[in-house]
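User: I have a structure open and want to go through it step by step. Can you take my questions one at a time?

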Amino acid sequence: AVFKPENVEDFYEIGEVLGSGHFGQVRQVRERSTGIYWAGKFLKIRKNTCSRLGLVRSCVEKEVEILQAVQHPNIVTLKDVFESRAEVVLILELVSGGELFDFIAAKENLLESEAIEFMTQILEGLGFMHSKNIGHFDLKPENIMLSDKVAAQPNIKLIDFGLAHHFHQGEEYKSTSGTPQYIAPEVINSEPLSTAADMWSIAVITYILLSGLSPFQGETDEETLRNISIMNYAFPAQYFSTTSSMVKDFIQKLLVKIPSERMTAEECLLHPWIKPITRTQVANRNRSSINMKN
Ligand SMILES: Cc1ccnnc1
């Protein structure tokens with residue numbers, strides 16, 4: 001793919017650093033012609049395949065391809081791509097509400113009603129990606145952004161598709177990258193991956209949203225990976241006493257070793273913890289409980 005050879009600074013004023021990661025850094029940028037703010041993701045490209053610094057260009061092309069294939073309210077949109085001699089710049093929708101990670105850190109943990117609101121939007125975006133046979137493979141609170149944290153209903157945006165993969169018919173895909181706390185057993189065992197690997201991460205994120213604890217985290221990465229492989233996790237009473245049995249059921253139906261036996265994103269959206277019950281169902285439930293009392 002050929003990206004715009006023009007100099008990004010001819011079209012955008014480069015602003016403050018918003019975030020940085022394994023890829024390079026994200027800076028706020030201002031479009032000169034409209035004054036609109038965007039996020040510029042500056043990716044260093046390796047001059048030759050031997051150098052270790054920067055990314056291989058084909059990886060960047062893959063991220064661009066995937067971002068162009070998924071337009072959804074809960075997935076960050078890609079507006080433009082510029083390329084200079086050793087840098088590719090993705091012009092992305094600006095998501096300024098910060099990371100879900102910081103939102104949880106500031107509040108210790110969330111009410112179930114808040115967690116359901118966030119998780120529903122995460123699952124909507126993820127379900128859309130999975131319906132196009134695209135896996136994210138790096139889902140974690142740092143890669144889930146809020147569009148505006150002070151809004152009543154903050155909007156969730158999935159970002160960072162640097163490890164994402166588009167599955168083509170009958171093709172196997174293996175990857176051992178990802179963040180230890182969130183990766184599924186099949187990633188650790190270098191088995192072929194599927195979109196189900198994202199569903200394991202959803203369970204870990206849900207557990208963290210509600211308790212502030214990370215279910216498998218050990219003292220070292222090795223210990224964390226061992227805990228995942230042997231499915232060593234629990235719901236400590238002092239952190240989960242007020243948590244509904246429905247959300248524990250939701251998590252348990254995702255922390256399943258065999259990928260094909262995990263709930264899909266679509267099935268998660270129909271799980272009682274997530275799926276809102278109708279007012280009639282509430283009335284019926286209340287009526288039946290009143291009858292039991294009489
Ligand atoms: C960090 C970031 C990424 C994409 N859009 N806005 C902010």
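User: Where does Phe 137 lie?

Analyst: This is a predicted model. In it, Phe 137 belongs to a loop. That loop runs between strand 6 and strand 7.

User: Is Phe 137 buried or exposed?

Analyst: Buried means under 20% relative accessible area. Phe 137 has a relative accessible area of 12%. Therefore Phe 137 counts as buried.

User: What is the phi of Phe 137?

Analyst: Phe 137 is not a glycine. Even so, its phi is positive, at about 65°.

User: Which other residue that is not a glycine has a positive phi, in the loop between helix 5 and helix 6?

Analyst: The residue in that loop is partly exposed, with a relative accessible area of 35%. Its phi is positive, at about 50°. The residue is Ser 190.

User: How many aromatic pairs does a search of the whole structure find?

Analyst: A pair of aromatic rings is described by the distance of the centres and the angle of the planes. Rings pair if their centres lie within 6.5 Å. Searching the whole structure gives an aromatic pair count of 13.

User: Phe 11 and Phe 82 form one aromatic pair. What kind is it?

Analyst: The ring centres of Phe 11 and Phe 82 are 5.7 Å apart, with 35° between the planes. Planes under 30 degrees apart count as stacked, and over 60 as edge-to-face. The angle fits neither class, so the pair of Phe 11 and Phe 82 is tilted.

User: How many residues apart are Phe 11 and Phe 82?

Analyst: Phe 11 sits in helix 1 (residues 8–11). Phe 82 sits in strand 4 (residues 78–83). The pair links distant parts of the chain, 71 residues apart.

User: Is Phe 82 buried or exposed?

Analyst: Its partner Phe 11 is partly exposed, at 38% relative accessibility. For Phe 82 the relative accessible area is 2%. The cut-off for buried is under 20%, so Phe 82 is buried.

User: What kind of pair do Phe 137 and Phe 167 form?

Analyst: Phe 137 and Phe 167 are both buried. Their ring centres are 5.9 Å apart. Their planes stand at 90°, so the pair is edge-to-face.

User: How far apart in sequence are the parts that this pair ties together?

Analyst: Phe 137 is in the loop between strand 6 (134–135) and strand 7 (144–146). Phe 167 is in the loop between strand 9 (165–166) and helix 5 (185–188). The parts are therefore 30 residues apart.

User: Which residues does Ala 197 contact, leaving aside its neighbours within four places in sequence?

Analyst: Ala 197 is part of helix 6. It is buried, with a relative accessible area of 3%. Leaving those neighbours aside, Ala 197 is in contact with Phe 137, Ala 184, Glu 186 and Arg 262.

User: Are helix 6 and helix 9 roughly parallel or antiparallel?

Analyst: The axes of helix 6 (residues 196–211) and helix 9 (residues 245–252) come within 9 Å. They cross at roughly 150°. Angles over 145 degrees count as roughly antiparallel. That makes helix 6 and helix 9 roughly antiparallel.

User: How many residues of that contact are nonpolar?

Analyst: Helix 6 brings Ile 202, Ala 203, Thr 206, Tyr 207 and Leu 210. Helix 9 brings Val 247, Phe 250 and Ile 251. Among these residues, no charged one is found and 1 is polar. The nonpolar count is 7.

User: What is the order of the strands in the open sheet of 5 strands?

Analyst: The pairing in this sheet is antiparallel. Strand 1 (12–20) and strand 4 are the edge strands, as each pairs on one side only. The order is 1-2-3-5-4.

User: How many bridges join strand 2 and strand 3?

Analyst: Strand 2 (residues 24–31) and strand 3 (residues 37–44) form a hairpin with 5 residues between them. Gln 28 stands opposite Ala 39, and Arg 30 stands opposite Tyr 37. The antiparallel pairing of strand 2 and strand 3 runs over 7 bridges.

User: In strand 2, what is the bridge partner of Ile 14?

Analyst: Strand 1 and strand 2 pair in the antiparallel sense over 6 bridges. They form a hairpin with 3 residues between them. The bridge partner of Ile 14 in strand 2 is Val 29.

Technical notes. Residues are numbered from 1 along each chain as its sequence is written. This is a predicted model: local features need pLDDT of at least 70, side-chain atom pairs count only at pLDDT 80 or more; totals for chains, interfaces and linings use all residues. Side-chain values use heavy atoms; hydrogens and water are left out. Axes are lines fitted to C-alpha atoms, for helices over the stretch in contact, and angles run from 0 to 180 degrees between N-to-C directions. Helices (H or I, at least four residues) and strands (E, at least two) are DSSP runs, numbered from the N terminus. Angles under 35 degrees count as roughly parallel, over 145 as roughly antiparallel, 65 to 115 as roughly perpendicular and the rest as oblique. Contact means heavy atoms within 4.5 Å. Ala, Val, Leu, Ile, Met, Phe, Trp, Tyr, Cys and Pro count as nonpolar, Asp, Glu, Lys and Arg as charged, and the others, Gly among them, as polar. Rings of Phe, Tyr and Trp (its six-membered ring) pair if their centres lie within 6.5 Å; planes under 30 degrees apart count as stacked, over 60 as edge-to-face and the rest as tilted. Buried means under 20% relative accessible area, exposed over 50%, partly exposed in between (1.4 Å probe, protein chains only). Two strands pair if DSSP finds at least two bridges between them.
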